[in-house]
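This report describes one protein model, part by part. Please look at the sequence and the structure first, and then read on.

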Amino acid sequence: MKKVVILGAGFAGLHIFYKIRHLIGKKIDITVIDSRSHSLLKPSLPEVSFVGAPISHSLIELKHTLESRGATFIQDEVVNINAKNNLLTLKNGTDVNYDYIFITVGAVKDYDAIKGFREFGYSVCDDTQAQRLWKKVQEFEGGKIVTGAAKSTWGNRVKAPDLKAPCEGPIGEIMFMFDYYLTKEKSLKREKDYKINVFTPGEIFFEDVGDNPRNAVGKIMQERKINLHNNKILTEIGKDFIAFEDGTKMECDLAIIIPPYSAPKVLVDSNLGDKKGFIPTDTQMRHLDFKNVFAAGDITALAQPKLGHIAIIQGAIAAAVFMQELGEDVTIPAYEPEIFCIMNMGGHDATLISSDVLYHGTKDKAFHSPLAKMMKWGFDNYLYYNKGHMPPDFALEATDKLVKLL
Ligand SMILES: Cc1cc2nc3c(=O)[nH]c(=O)nc-3n(C[C@H](O)[C@H](O)[C@H](O)COP(=O)(O)OP(=O)(O)OC[C@H]3O[C@@H](n4cnc5c(N)ncnc54)[C@H](O)[C@@H]3O)c2cc1C
């Protein structure tokens, strides 16, 4: 029986668990370790911040979910991984050994890297920040709003797109959902009562997709009088301003930020990462230096942008490679990353974006319709009610076919 550890029960970790769990008791036993008691479904956090959805709807309880399906769950932080000796150490001092480990710890949202964030900044990236923002959104009676992503930096041990922002999809949701809330729920007037400015550290906004989605989003921004500022690298948030590396400042009553992403300390301390701590893997998601270490999701150096859809693609590959190694008759999916996300825009509005031009493909679609909103609603609810289990392959294939028709 091989002893398998899945470290991190987010999008990638849970996907791998569901893919390999049928081998529990036959070929493997699985221990899942996460510092949290509940997995966080981040794509539904904008609903918490701009609609007031309960946070409970973004949380999947882990102990019962995993143990009722045959795994052992440990709620603790892993503080060291000794990959040479197949051993990891928990914060409580206990050692756990393994034959195989899947590292799916995601990325750290490094709020403290931004001067003034803790005092004056807001974000939507975790459960605490999303609920804090909802409180602020309700109190907001007008003024200048600035939103954007801080610049993140990456290592270069593997070949991956070098994006300036980890992912700007949530910025699209912040600007459109807040605009919807202020006009529809608070009856405020654009430009007269409030103004939304968006900045990007990139030369172009939405640098991970091609012209079609970019133009579609740009057109709606113009209609809603949302201004865009390119090449703006955030340095500081103050009481009534936000400052950038080029020396410019914008007036700002409410700053909503995606912070820089960094790698968890454990990976830096354990020498498993590249120079920025992100895990270098081949395209079968195996660590470049350790044969029994797989990684998937935001923590991998290959994952650009940092997107749940890419975490799922990578998780499926890592699980298949592992199963084949254990003698199972499975096909390993090709590594074909793509951007697929549905940007919530408030009310019945959403835009589905499907693009692979970042990876030299030709797909580059944007579909703005209430149907996209229904698809997002269906997907988020499926994940929640099925405890982080992705919809079955036939449903995902049907979605693919539908997107091709659009
Ligand atoms: C606001 C927002 C909206 C988003 N919307 C979308 C969207 O619409 N579509 C989409 O595809 N993607 C979206 N994303 C991105 C998506 O959420 C991430 O890409 C995805 O969660 C990455 O999955 P992961 O498994 O790599 O990491 P995570 O989901 O972050 O999970 C990592 C897990 O590891 C645990 N962990 C970390 N360190 C340790 C440690 N040392 N010891 C023990 N446990 C540890 C954490 O507690 C966590 O549970 C969004 C992100 C944000 C912030």
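The ligand is a good place to begin. The model is predicted, and in it 36 residues surround the ligand; those that come nearest are Gly-8, Gly-10, Gly-106, Gly-297 and Gly-308. Several elements give two or more residues to this shell: helix H1 (11–20), strand S2 (28–34), helix H2 (45–50), H6 and helix H9 (308–325). By residue type, the shell divides into 19 nonpolar, 11 polar and 6 charged residues. Two domains take part, since domain 1 (2–42 + 53–107 + 263–336) and domain 2 (110–260) each supply at least three residues of the shell.

**The parallel five-stranded sheet**

Strands are the next topic. As a general point, the strands of a sheet pair through backbone hydrogen bonds, either parallel or antiparallel. In this model, 5 strands make up an open sheet with the order S5-S2-S1-S9-S20, and their pairing is parallel. Its edges are strand S5 (72–75) and strand S20 (293–295), each of which pairs on one side only. From one strand to the next, the twist averages 20°. Strand S2 of this sheet also belongs to the elements that give two or more residues to the ligand shell. At the S20 edge, strand S9 (residues 100–103) pairs with S20 in the parallel sense over 3 bridges. Within that pairing, Ile-103 has Ala-295 in S20 as its bridge partner.

**Strand S13 and its neighbours**

Is strand S13 mostly covered or mostly open? Strand S13 (residues 194–199) is mostly covered, with 5 of its 6 residues buried. Strand S12 (residues 143–149) pairs with S13 in the parallel sense, and 6 bridges join them. In one of these pairs, the bridge partner of Gly-143 is Tyr-194 in S13. Between S12 and S13 the chain passes through helix H6 (residues 169–185), and this β-α-β crossover is right-handed. Helix H6 also appears among the elements that give two or more residues to the shell around the ligand.

S13 is also joined to strand S14 (residues 227–229) by 3 bridges, and these two strands run parallel. Here Val-198 has Leu-228 in S14 as its bridge partner. The chain goes from S13 to S14 by way of helix H7 (residues 211–223), in a β-α-β crossover that is right-handed.

**The antiparallel three-stranded sheet**

Another open sheet has 3 strands in the order S15-S16-S17, and its pairing is antiparallel. Strand S15 (234–237) and strand S17 (249–251) are the edge strands, each pairing on one side only. The twist from one strand to the next averages 20°. Strand S16 (residues 241–244) and S17 are antiparallel to each other and share 3 bridges. Ala-243 stands opposite Lys-249 in S17.

The table lists strand pairs with their sense and their bridges.

| Strand pair | Sense | Bridges |
|---|---|---|
| S12 and S13 | parallel | 6 bridges |
| S13 and S14 | parallel | 3 bridges |
| S9 and S20 | parallel | 3 bridges |
| S16 and S17 | antiparallel | 3 bridges |

**Single residues in loops**

Some loop residues deserve a separate look. Ser-58 lies in the loop between H2 and strand S4 (59–61). Why does Ser-58 count as buried? A residue is buried if 20 or more other C-beta atoms lie within 10 Å of its own; Ser-58 has 23 within 10 Å, so it is buried. The C-alpha atoms of Ser-58 and Pro-170 are separated by 15 Å, while along the chain the two residues are 112 residues apart.

The backbone also has some unusual angles. Most residues other than glycine have a negative phi, and most peptide bonds are trans. Between Gln-304 and Pro-305, however, the peptide bond is cis, with omega about 0°. Pro-305 sits in the loop between S20 and H9.

Which sign does phi have in Asn-231? The value is positive, about 55°, although Asn-231 is not a glycine. This residue is in the loop between S14 and S15. Asn-231 counts as partly exposed because it has 14 C-beta neighbours inside 10 Å.

Lys-387 likewise is not a glycine and has a positive phi, near 55°. Its loop lies between helix H10 (370–385) and helix H11 (393–405). With 17 C-beta neighbours inside 10 Å, Lys-387 is therefore counted as partly exposed.

Key
Residues are numbered from 1 along each chain as its sequence is written. This is a predicted model: local features need pLDDT of at least 70, side-chain atom pairs count only at pLDDT 80 or more; totals for chains, interfaces and linings use all residues. A residue is buried if 20 or more other C-beta atoms lie within 10 Å of its own, exposed if 12 or fewer, and partly exposed in between; C-beta atoms are placed from the backbone. Helices (H or I, at least four residues) and strands (E, at least two) are DSSP runs, numbered from the N terminus. Two strands pair if DSSP finds at least two bridges between them. A crossover is right-handed if, with the strands pointing away from the viewer, the path from the first strand over the helix to the second runs clockwise. A residue is near a molecule or strand if its C-beta atom, placed from the backbone, lies within 6 Å of it. Ala, Val, Leu, Ile, Met, Phe, Trp, Tyr, Cys and Pro count as nonpolar, Asp, Glu, Lys and Arg as charged, and the others, Gly among them, as polar. Domain bounds come from an automatic or database domain assignment. Axes are lines fitted to C-alpha atoms, for helices over the stretch in contact, and angles run from 0 to 180 degrees between N-to-C directions.
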